[in-house]
Amino acid sequence: MEHSVKKPMISLNGDLSAYSHEELLQYVARLKSENQQLKEKKEHKILDLKANLEAVIENTDDFIVSVDTSYRILVCNSAYRWLIHELYGADPQAGDHILGIMDPQTQAFWLPYYQKAFEGQSGLAIVEREIQGLTRHYEVSFHPIKQNTTQVDGATLFIKDITDRKIVEDTIRENQKMLASINRNIKEGIYRSTPQEGLVYVNKAFLEMFGYESKEEMYNLKSNVLYSDPGRRQELLDLIDARKEFTNEEVLYRRKDGSTFYGMTSGLMWVDEGGNLYFDGAIRDMTDIIEAEHQLREQNEELKKVNAELDRFVYSTSHDLRAPLMSISGLISISKMVDDQDKQNYYYDLMEQSIQKLDNFIKDIINFSRNARTEVELKPIDVNQLIHQCKEDLQFASQYERIRFGITIEGGTTIYSDSKRLGVILKNLLANAANYHDLSKEDPFIQINLINKEKSFQIAVQDNGQGIKDHLADKIFDMFYRASNQSKGTGLGLYIAKEATEKLKGKIRVETEYGVGSTFYVEIPQKKNDSVKENLKVEE
Ligand code: ADP
């Protein structure tokens with residue numbers, strides 16, 4: 001292009017008289033040509049932009065349509081045309097009325113959205129449509145086409161198929177619901193921790209397991225406090241370091257209140273995309289399992305004991321039952337052969353003794369069986385009355401009348417226990433104290449001392465009788481054990497006393513010296529409930 005005019009730019013205020021007419025005409029012509037070129041350039045650019053826009057509209061996954069304010073289609077992409085064809089069997093073109101292709105009900109649904117857009121506001125609708133037999137979900141957004149801030153020329157609709165997104169969202173929501181439910185109902189304590197922050201997540205079971213009120217309270221804890229032995233925590237961290245995970249490790253944990261419990265623990269370490277380190281794990285409270293194991297072991301021991309006792313029982317019963325029967329049968333044969341009444345009476349006395357022995361044996365067996373089978377029944381007992389009752393029941397033989405009885409009671413006469421079992425214990429101890437007495441002593445006595453304490457009571461039955469040889473003292477509580485040839489009993493008395501004491505969660509022991517005497521101590525726990533305390537008040 002020629003730039004012959006080198007003079008300053010002509011402006012309306014400039015001095016045109018400085019230019020010749022020719023020069024001015026040339027200048028105007030050049031301006032015209034420049035203007036034409038600019039116009040062509042601009043049109044080109046607009047065409048380019050339009051082509052670009054059309055390409056974008058065509059290549060997007062969205063369904064796009066623009067309408068003017070009289071609902072006439074300005075432009076739409078082929079995706080939109082396909083959609084309308086699938087929905088209404090129509091082929092929309094520029095200039096068509098956009099609502100004309102729909103039934104009145106659908107028109108009524110969409111009309112407010114168009115009106116809102118024509119008023120200058122955007123809108124959004126989510127709809128469900130059946131396409132080729134499948135339910136699809138669409139998000140339809142309305143945007144006003146504005147020339148300036150006040151004038152709206154029409155509206156553009158972007159329709160997105162959000163079916164896949166909705167499926168993913170629904171799945172996530174379902175999964176979240178399921179996870180929340182699992183977390184709520186699972187018995188395992190689940191946690192996540194990080195090296196910097198400690199615990200960052202715990203579930204409800206975890207919270208309850210450790211006895212804390214809120215998750216936040218746990219998140220502020222130093223992890224160490226949850227372990228009974230912090231060394232054990234280090235061991236677990238070392239395991240994680242070495243193997244990245246561990247399974248079913250038994251760990252003794254500490255609750256908020258300081259009590260402890262065993263938890264079966266599994267954990268693993270992992271790193272997310274951002275390089276953050278996490279420890280995830282689960283703890284199962286083992287208290288119940290350990291308790292059940294304990295119980296099983298105890299039951300097993302008990303069974304073994306019962307088995308051994310049964311063996312001994314069968315052996316001794318056959319002997320203890322047969323011996324008196326045999327002797328009765330022998331005595332009957334002899335008495336048949338004699339006519340002398342005195343002799344016969346003597347044999348009857350012997351028979352009576354054998355029968356008494358049998359009866360004692362049977363009574364002992366009944367006591368033993370009762371102790372094993374009946375429930376413990378705890379009630380307030382007047383212990384003074386009980387001791388006297390036992391003494392009377394024993395109906396000591398006349399030679400025992402020489403034995404001096406003493407009773408002392410400390411701390412009130414009301415105790416809280418099982419009167420039947422306590423009676424059996426007392427009777428056995430009193431019977432032995434009398435049976436194994438030494439009447440040759442100057443002052444033969446049986447002294448019963450009861451100490452009634454708040455949480456237990458102790459009964460001591462002391463005699464100055466024969467005493468027991470040291471090496472036999474341990475065995476006298478065994479089943480069928482007789483420590484002296486003088487024993488006319490079954491060897492069951494102390495065994496039953498011990499069993500009954502243990503049933504009442506108490507202890508029995510003996511202090512004895514051969515030739516000097518014995519003291520049997522029975523210590524039984526008791527719970528004085530209100531009724532017992534009232535009872536005590538009445539007495540005092
Ligand atoms: P039993 O009296 O029927 O033989 P027990 O089980 O009651 O059986 O007692 C076991 C043994 O302990 C007795 O045989 C006896 O030798 C001894 N014994 C028990 N009580 C006393 C006592 N107070 N003084 C001395 N010996 C006793």
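**Notebook: ligand shell and the H11/H13 pair**

H11 and H13 come out roughly antiparallel to each other. I'm working from a predicted model here, so that goes at the top of the page.

I checked the geometry behind that call. The two helices, H11 and H13, pack at an angle of about 150°, and angles over 145 count as roughly antiparallel. Their axes sit 9 Å apart. I also looked up the handedness: H11 passes H13 in a left-handed crossing.

Next, the ligand. Which elements each supply at least two residues of the shell around the ligand? I found helix H11 (419–435), helix H13 (493–503) and strand S17 (517–525). So the packed pair of helices turns up again here, since H11 and H13 are both on that list.

I went through the shell itself. It holds 20 residues, and the closest are Asn 432, Tyr 436, Ser 487, Gly 491 and Leu 494. Sorted by class, I get nine nonpolar, nine polar and two charged residues.

Then I looked at polar contacts to oxygen atoms of the ligand. Asn 432, already on my list of the closest residues, puts a polar side-chain atom 2.8 Å from a ligand oxygen. For Ala 483 a backbone N or O atom lies 3.1 Å from an oxygen of the ligand. Gly 493 also uses a backbone N or O atom, at 3.4 Å from a ligand oxygen.

Last entry: how much of the ligand does the protein bury? Taken alone the ligand exposes 530 Å², and the protein buries 97% of that.

Technical notes:
Residues are numbered from 1 along each chain as its sequence is written. This is a predicted model: local features need pLDDT of at least 70, side-chain atom pairs count only at pLDDT 80 or more; totals for chains, interfaces and linings use all residues. Side-chain values use heavy atoms; hydrogens and water are left out. A residue is near a molecule or strand if one of its heavy atoms lies within 4 Å of it. A polar contact is a pair of N or O atoms within 3.5 Å; within protein, one must be able to donate a hydrogen and the other to accept it, and residues adjacent in sequence count only if both atoms are side-chain atoms. Accessible areas come from the Shrake-Rupley method with a 1.4 Å probe; for residues, only the protein chains shown count as cover. Helices (H or I, at least four residues) and strands (E, at least two) are DSSP runs, numbered from the N terminus. Ala, Val, Leu, Ile, Met, Phe, Trp, Tyr, Cys and Pro count as nonpolar, Asp, Glu, Lys and Arg as charged, and the others, Gly among them, as polar. Axes are lines fitted to C-alpha atoms, for helices over the stretch in contact, and angles run from 0 to 180 degrees between N-to-C directions. Angles under 35 degrees count as roughly parallel, over 145 as roughly antiparallel, 65 to 115 as roughly perpendicular and the rest as oblique. A crossing is left-handed if the near helix is turned anticlockwise from the far one by less than a right angle, and right-handed if clockwise.
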